[in-house]
Amino acid sequence: MAQDTSNIAVIPGDPRDPQATALLQASHALMQSLFAAEDNHFLSIDELCVPEISFFVAKEGDTTLGCVALANKGAYGEIKSMFVDPEARGKGIAHKLMAQLDTAARDQGLAELKLETGDKLSEAHSLYHAHGFVDCGPFGDYEANSSSIFMTKTLT
């Protein structure tokens, strides 16, 4: 049965907001616990606060439960910092964040979305595949390694 996400709002956010920062720090800690330092490609809080990045949060009332960023790379958009509070998982928040990314990318005239994720994040892989992503090779400044999975989705 589908979750009722009508009380979850996905809105533009600020990575420096304490609740968003806490989610980002939890995400960074998880990535550092799962992957070698050279295989971690998350952006710092400051790196998320530049004009080329659109940052979104999922809120239930005043509580921030998830976040995601869209980096406009000119020819494509890259998904960064996708994270949902572990206690809020199963509410459909990640799907709402993905829908917002798709809309934002199309609004920015981007023809493609791309992402890099870790091989141990099977729930993330399922989410991305459910939203039309397919595996691809490294892109941008990424290099192939033993723990990265690259995915793409055409928007046009």
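# A walk through the predicted chain

Ser81 is buried, since its relative accessible area is 13%, under the 20% that marks a buried residue. This residue is a convenient place to enter the model, which is predicted. Ser81 sits in strand E4, a strand that covers residues 77-84. Its phi angle is near 55°, a positive value in a residue other than glycine. Most residues other than glycine have a negative phi. Leaving out residues up to four places away in sequence, Ser81 touches Leu24, Leu48, Cys67, Val68 and Ala69.

One of those contacts, Leu48, leads to another part of the chain. Leu48 lies in the loop between helix H1, residues 18-34, and strand E2. With a relative accessibility of 2%, Leu48 counts as buried. Beyond its neighbours within four places in sequence, Leu48 is in contact with Pro15, Leu24, Leu43, Ile53, Phe55, Ala69 and Ser81. Leu24 and Ala69 thus appear for Leu48 as they do for Ser81. Leu48 can also be placed relative to Ala71: the two are 23 residues apart in sequence, and their C-alpha atoms are 8.5 Å apart in space.

With these two residues placed, the whole chain can be laid out. The protein chain has 3 helices and 7 strands. Their order along the sequence is β-α-β-β-β-α-β-α-β-β. The radius of gyration is 15 Å, close to the 15 Å that the globule rule gives for 156 residues, so the chain is as compact as a globular protein of that length. Along its principal axes, the C-alpha trace spans about 40 × 35 × 35 Å.

Several totals describe how the chain is packed and what it shows to the outside. Of the 156 residues, 47% are buried. Among contacts between residues at least 6 apart in sequence, 62% join residues at least 24 apart. The chain exposes about 7,900 Å², and carbon and sulfur atoms supply 50% of that area. As for charge, there are 11 positive and 22 negative charges, and the mean positions of the two sets are 4 Å apart.

The early strands come next. Strand E2, residues 53-60, is mostly covered, with 7 of its 8 residues buried. What does E2 pair with? Strand E1, residues 8-12, pairs with E2 in the antiparallel sense over 5 bridges. Strand E3, residues 63-72, also pairs with E2 in the antiparallel sense, over 8 bridges. Ala58 of E2 can be followed through both pairings. Ala58 is the bridge partner of Val10, and Ala58 also stands opposite Gly66 in E3.

E2 and E3 form a hairpin with 2 residues between them. Gly61 is in the turn and has a positive phi of about 65°. Is Gly61 buried or exposed? Its relative accessibility is 57%, so Gly61 counts as exposed, the cut-off being over 50%. Gly61 and Asn7 are 54 residues apart along the chain, while their C-alpha atoms are separated by 7.6 Å.

Strand E4, where Ser81 is found, brings in a pairing of the other sense. E4 and E5 run parallel and are joined by 2 bridges. Across this pairing, Gly77 stands opposite Leu113 in E5. Strand E5 spans residues 112-118 and is mostly covered, since 6 of its 7 residues are buried.

Leu113 links this part of the chain to its later residues, through Met151. Met151 belongs to strand E7, residues 148-154. Its relative accessibility is 0%, so Met151 counts as buried. Not counting residues up to four places away in sequence, Met151 touches Leu113, Lys114, Leu115, His125, Tyr128, His129, Phe133, Val134, Asp135 and Cys136. Ala130 offers a further point of reference: Met151 and Ala130 are 21 residues apart in sequence and 12 Å apart in space, C-alpha to C-alpha.

Methods:
Residues numbered from 1 in each chain as written. Predicted model: local features only at pLDDT ≥ 70, side-chain atom pairs only at ≥ 80, totals over all residues. Heavy atoms only, no water. Helix = DSSP H or I, 4+ residues; strand = E, 2+ residues; numbered from the N terminus. Rg over C-alpha atoms; globule rule 2.2 N^0.38 Å. Buried < 20%, exposed > 50% of the residue type's maximum accessible area, 1.4 Å probe, protein only. Contact = heavy atoms within 4.5 Å. Areas by Shrake-Rupley, 256 points an atom, 1.4 Å probe, with all protein chains shown as cover. Lys, Arg positive; Asp, Glu negative; His and termini not counted. Charge placed at Lys NZ, Arg CZ, Asp CG, Glu CD. Pairing = 2+ DSSP bridges.
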